[in-house]
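Trainee: I should like to work through the backbone, the core and the open spaces of this protein. May I put my questions to you one at a time?

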Amino acid sequence: MPVRSTRRTFVGVTALTLAFSVIAFTQAAYAGKPVGSDKGATTEETGGGDGTGIYATARITYSGSVAANGSKGNVTSADVNWTPPPCWYAPYLGAKDFKKKMSGDIESQTNAPGMGGHAGAALSELKRHYEDEYGWTDTPGYKDYNVDKDGEGMFWAAVENPDEPDLLKRNSCNDLPFWVDNGEAPPPQYEQAITPEILAALAYQHMQLPDTEVSLAPEQTTKVNLPTWAWLDKAVFDEVQATAAINVPGFNLQATTTARPVSLTLEPGTDDAVTYPASGECVINNDDSIGEPYARGKANRTPPCGIKYLRSSGNGTYNLQATITWDISWTGTGSAGGDLPDGTFGNGQAVTVQEIQAVNR
């Protein structure tokens with residue numbers, strides 16, 4: 001096997017990457033196609049597409065409180081700099097199946113009209129890489145597509161996150177498919193190989209938090225300068241979990257992401273209002289409720305969580321935004337675990353504010 005000083009500066013690597021691009025990107029190499037489910041059921045996200053490109057086919061299965069039809073959930077990260085992974089590497093095919101797929105694609109592209117020059121040479125280099133042990137530092141070549149090890153491992157390949165809007169980021173996992181023995185970790189240079197932490201981030205992305213309408217008193221219609229009480233009962237407001245798992249021969253990973261409600265933030269929909277507390281953030285109580293229900297005899301008290309409007313809404317309404325902040329953590333295979341950025345999800349409620357009518361005598 002030839003050894004080179006660096007894989008990124010060696011011209012052969014450029015040729016191999018070009019060859020792979022010829023196969024994968026002149027065809028439909030879109031990955032991560034989701035298949036739907038309802039909340040609380042199961043969603044499958046597969047690396048498959050129309051069966052013509054080189055991309056991973058291992059399926060990520062989502063369960064728990066996840067968005068329907070495999071779509072993105074409704075959680076907004078409180079950290080504007082945090083994003084789910086745009087792509088990753090995952091198990092793709094066994095040796096015999098990979099040989100059939102890759103060799104067929106190389107043959108098809110080699111015989112395509114006008115496929116000469118650099119592109120033709122690149123395809124020849126790609127064929128050498130998988131058939132004739134042509135490799136370089138930290139990346140071995142393969143003899144006859146590793147068919148003598150069929151069943152002992154799998155070739156891994158790139159998967160695009162279909163919910164990543166940036167095409168360059170989505171295509172940033174551009175290494176050639178590589179072999180991983182069953183039960184072994186991928187080589188360390190593949191930092192974007194699928195892990196429990198990546199699965200946890202994907203579960204976060206697909207998590208569906210409940211629509212929760214805040215209880216108000218007075219309800220819907222209140223008066224100028226009259227404190228409006230706001231609260232959430234424990235019964236309507238509890239932790240949420242979403243799980244992502246990948247299971248293929250010799251490789252099984254899972255991660256569960258848990259969201260726990262911690263606070264409610266009220267935004268009155270107008271500057272002519274004050275909130276209780278002044279920050280507008282009502283923290284969770286010891287019994288896991290937020291705020292305090294209004295009851296007869298509390299009219300002269302200041303609500304622990306609420307709003308006082310200072311001006312009438314006229315012929316319209318104010319859009320009260322009630323946003324819940326969720327503390328989000330994860331656990332996964334091999335006792336892995338950690339924290340993810342807090343998530344938020346809010347609902348709008350129309351509130352009518354009327355002037356208090358006085359009778360002049």
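Mentor: The questions below take the backbone, then the core, then the cavities and pockets.

Trainee: Which residue follows A217 across a cis peptide bond?

Mentor: Please keep in mind that this is a predicted model. Most peptide bonds are trans. The bond after A217 is cis, with omega about 0°. The second partner lies in the loop between β8 (215-217) and β9 (221-223), and that residue is P218.

Trainee: Where is P277, which is joined to Y276 by a cis peptide bond?

Mentor: The bond between Y276 and P277 has an omega of about -5°. Its proline belongs to a loop, and the strands on either side of that loop are β13 (273-276) and β14 (281-283). The place of P277 is therefore the loop between β13 and β14.

Trainee: Is D138, in the loop between α3 (117-131) and β6 (153-160), buried, partly exposed or exposed?

Mentor: Most residues other than glycine have a negative phi. D138 has a positive phi near 65°. Its relative accessible area is 44%. Since buried means under 20% and exposed over 50%, D138 is partly exposed.

Trainee: What is the relative accessibility of D288?

Mentor: D288 is not a glycine, yet has a positive phi of about 70°. This residue is found in the loop between β14 and β15 (290-291). D288 counts as partly exposed, and its relative accessibility is 36%.

Trainee: Which strand gives the most to the largest nonpolar core?

Mentor: The largest nonpolar core has 76 residues, of which Y130, W156, I194, L264 and L266 touch the most other members. The greatest contribution from a strand is seven residues, and these come from β17 (residues 318-332).

Trainee: Which residues are in contact with Y130, leaving aside its neighbours within four places in sequence?

Mentor: Y130 is one of the core residues that touch the most other members. Contact here means heavy atoms within 4.5 Å. On that basis, the partners of Y130 are F98, M102, Y142, K143, D144, Y145, F155, L176 and P177.

Trainee: Which element gives the most to the lining of the second largest cavity?

Mentor: The whole structure holds six cavities of 30 Å³ or more, and the second largest has a volume of about 70 Å³. Residues that line the second largest cavity include P91, W156, D181 and F251. The elements giving two or more residues to this lining are β6 and β7 (178-181). With three residues, the element that gives the most is β6.

Trainee: Which residues are the closest to the centre of the largest pocket?

Mentor: The largest pocket has a volume of about 300 Å³, and 18 residues line it. By class, seven of them are nonpolar, six polar and five charged. Both β4 (76-77) and α5 (196-206) supply at least two residues of this lining. The closest to the centre are K72, W82, T83, P84 and Q205.

Trainee: How many nonpolar residues are in the lining of the second largest pocket?

Mentor: The second largest pocket contains about 160 Å³ of space. It is lined by 13 residues, and A185, P186, A193, I194 and T195 lie nearest its centre. I194 is also one of the core residues that touch the most other members. The lining has one polar and two charged residues, and the number of nonpolar residues is ten.

Terms used. Residues are numbered from 1 along each chain as its sequence is written. This is a predicted model: local features need pLDDT of at least 70, side-chain atom pairs count only at pLDDT 80 or more; totals for chains, interfaces and linings use all residues. Side-chain values use heavy atoms; hydrogens and water are left out. Helices (H or I, at least four residues) and strands (E, at least two) are DSSP runs, numbered from the N terminus. Buried means under 20% relative accessible area, exposed over 50%, partly exposed in between (1.4 Å probe, protein chains only). On a 1 Å grid over the protein atoms alone, a cavity is a set of points where a 1.4 Å probe fits but cannot get out, and a pocket is an open set with protein on both sides within 12 Å along at least five of seven lines; lining residues have an atom within 4 Å of a point. Grid points are joined across faces, edges and corners, and a volume is the space filled by probe spheres set on the points. A nonpolar core is a set of buried Ala, Val, Leu, Ile, Met, Phe, Trp, Tyr and Cys residues joined through side-chain atoms within 4.5 Å. Ala, Val, Leu, Ile, Met, Phe, Trp, Tyr, Cys and Pro count as nonpolar, Asp, Glu, Lys and Arg as charged, and the others, Gly among them, as polar.
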